[in-house]
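Reader: Could you take one part of this model and go through it closely, saying what is covered there and what does the covering? Please give the cut-offs behind each term as you use it.

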Amino acid sequence: MAKTRFDFDLIVIGSGAGGSAAATIAAREGKRVAIVEADTFGGTSPNWGDVPIKSLLHATQLYDQAQAGSRFGLRTATLGYNYPSLLNWKELAVKRTGAGGNRAYYDNAGVTTLHGLAHFLSPHEINVNRRHYSSEQFLIATGADWKIPDIQGTESLSLLTPRDLLEQTRLPKSLYIIGGGTTGVEIAQLMSTLGVKVTIADIASRLLPGYESEAGELTEHLLRKQKGVSILTQTRTLAIEKENIAYRVTYSRGGQEHSVRVDHVLVCAGRRPNVDLGLENAGVEYSDKGIVVDKHLQTSAKHIYATGDVLGQVTGHTHTALLQSRVAAHNILSKKATLSPDYTGTPHVIFTYPSIASVGLNEDDCLRRDLHIKKALVPLSVVARSNVSDFKNGFVKLIADKKGVLIGATVMAPDAGEAIHELALAIKHDMTAAQIAETPHAFLTWSEAIRVAANKLS
C-alpha cells in the first residue's frame, strides 16, 4: 500500500472560534484533522474573555439594580456582595461552557489534539513540542493578545490585561484603564459597581469611538454620574512607574501633565495578532498587523487559510470568527476557494447597562462615504416600557438611504443585544424603514422604540 504523503489532511492551529468549527466540519467529512492549542482549549472567548467578563457583569448589574430597588418599595439597605463568591460564580460559568476541557470533544469527533506552540518548518510541515507534523492544508486561527502600549516604564512593569484582572483574588481599591473601547468600558462599569475607584483614559475625543457619538456620550455621562468614574478623553498616558506597592501614572490632557496614584493599571488599548509561528517558512504574507488574506480567507500560500483575530480586523467578535471558520472549512473541503464571508447584518454588542447594540453603518461611516441618508433618533422615554421600568437612559437610532432602505442601526437600552436582531435581519435583506414600522411590536417592550424610529423614517 502506498504511504500517505502527509500525516493529516488538515491541521488547524488555534482552538478558538476561528478554528474549532472548521476542525469539526472537516472531521465530519472524513478528513484526517489535527488541532493545535498553545494555551487553554477553546481560546479567549469562553475562558478569559466573553464568558467570564459577561458573567461578572450580569451579577454586578443585578446587584446594582437591586441597590436601586428602594424606589419601587424594595428593602435594600442591607444588600452586599462577597467577591470570592462572585469569582466562584464566574468560574462556574466558564466551567459550564466546557471549552477549556473540550479535548475529549475533539477526540470523540475524530480530531487529533496537540497541545503546544506550533511553528512552521516548511509550507507543509510544523513543529509542536519538538515533533514534526505534516499536512496537505492548514488553517491558522491563533487569535490576538492585548498589546502593551509604548509608554515610558512599561518595559519593566507587569501591567494587567483583562485576563490578569479576572485572575486577581482581591479587588483593587483603584484602577487606571488604558483604552475606552468596548472592553475598557465594560470593565469600568464592572469594577466601579463593586466600589473600585476607576479612571479610564483614551486618546480619542470620546468613549467608544467606533460607535455612534450618542452612545459614547451617554455612556460617559452614566459612568461619571452614576459610578463616579473619572473619564479622561483626549488623553495620552505618558509614563507609569512603581510607587511602593502602587503605581504612579503620568498623563497629558489639554496640554498639561497630571499624575494619579492607583493600585493597578489595566491595558485595554489594542490587540496584537499572534503571528509568531514561522510564517515566513510557509510562504505566508503577514505583518505585525496580522496575516494577509484574500476575500476567500486564503493566504499567499494557497493551501493555508486564516481566520479570526489573527487577521488583525477590528471586529474581534466570536460570531464573526465562527462565520469565517465555516467559510474556510467550505473552501478547504471544496479544494477551490469559492465562498467569501458575508458580514452584512453582523451585530455588535457591548454588555454594559444599558447595553449597546449596533449593526450596519453608523453616521460617521456614512459621512466618510459621502452617502445621502435619512436618520431618526428616538429616546427610550417615548415608549410605555420606560414608565413601568422607571428607566430613560437610552435611545434607538436608525439610518436609511434616500430610498428608505435601512443601512444602519444602534440601540442603547436594557437587553439591546436581544432587540438588535430584527434590525440585522432588515439590513441583511434590504428592508425599508416603512416595512419595520408596519410590523407590530409588542406593547410594553423596548422594541416599540424601534417601531417609532422606523415610523419617523417612513
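Author: Contact here means heavy atoms within 4.5 Å, and helices (H or I, at least four residues) and strands (E, at least two) are DSSP runs numbered from the N terminus. The model is a predicted one, in which local features need pLDDT of at least 70 and side-chain atom pairs count only at pLDDT 80 or more, while totals for chains, interfaces and linings use all residues. Residues are numbered from 1 along each chain as its sequence is written, and side-chain values use heavy atoms, with hydrogens and water left out.

The part I would choose is helix H14, which spans residues 421–428 and in which Leu-423, Ala-424, Ala-426 and Ile-427 are buried (under 20% relative accessible area, 1.4 Å probe, protein chains only). These four lie on the same side of H14, because they cover an arc of only 160° around the axis, taken from the directions from the helix axis to the C-beta atoms. Among the elements that cover the buried residues of H14 are three strands, S20 (355–360), S22 (395–401) and S23 (406–413), and the cover also includes two helices, H15 (433–438) and H16 (448–457). Just after H14, Asp-430 takes a positive phi of about 55°.

For a charged residue in another helix, look at Glu-186, whose place is in H7 (residues 182–193). Glu-186 is buried, with a relative accessible area of 1%, and, leaving aside neighbours within four places in sequence, Glu-186 is in contact with Ile-53, Lys-54, Leu-57, Ile-350, Phe-351 and Thr-352.

Conventions:
Buried means under 20% relative accessible area, exposed over 50%, partly exposed in between (1.4 Å probe, protein chains only).
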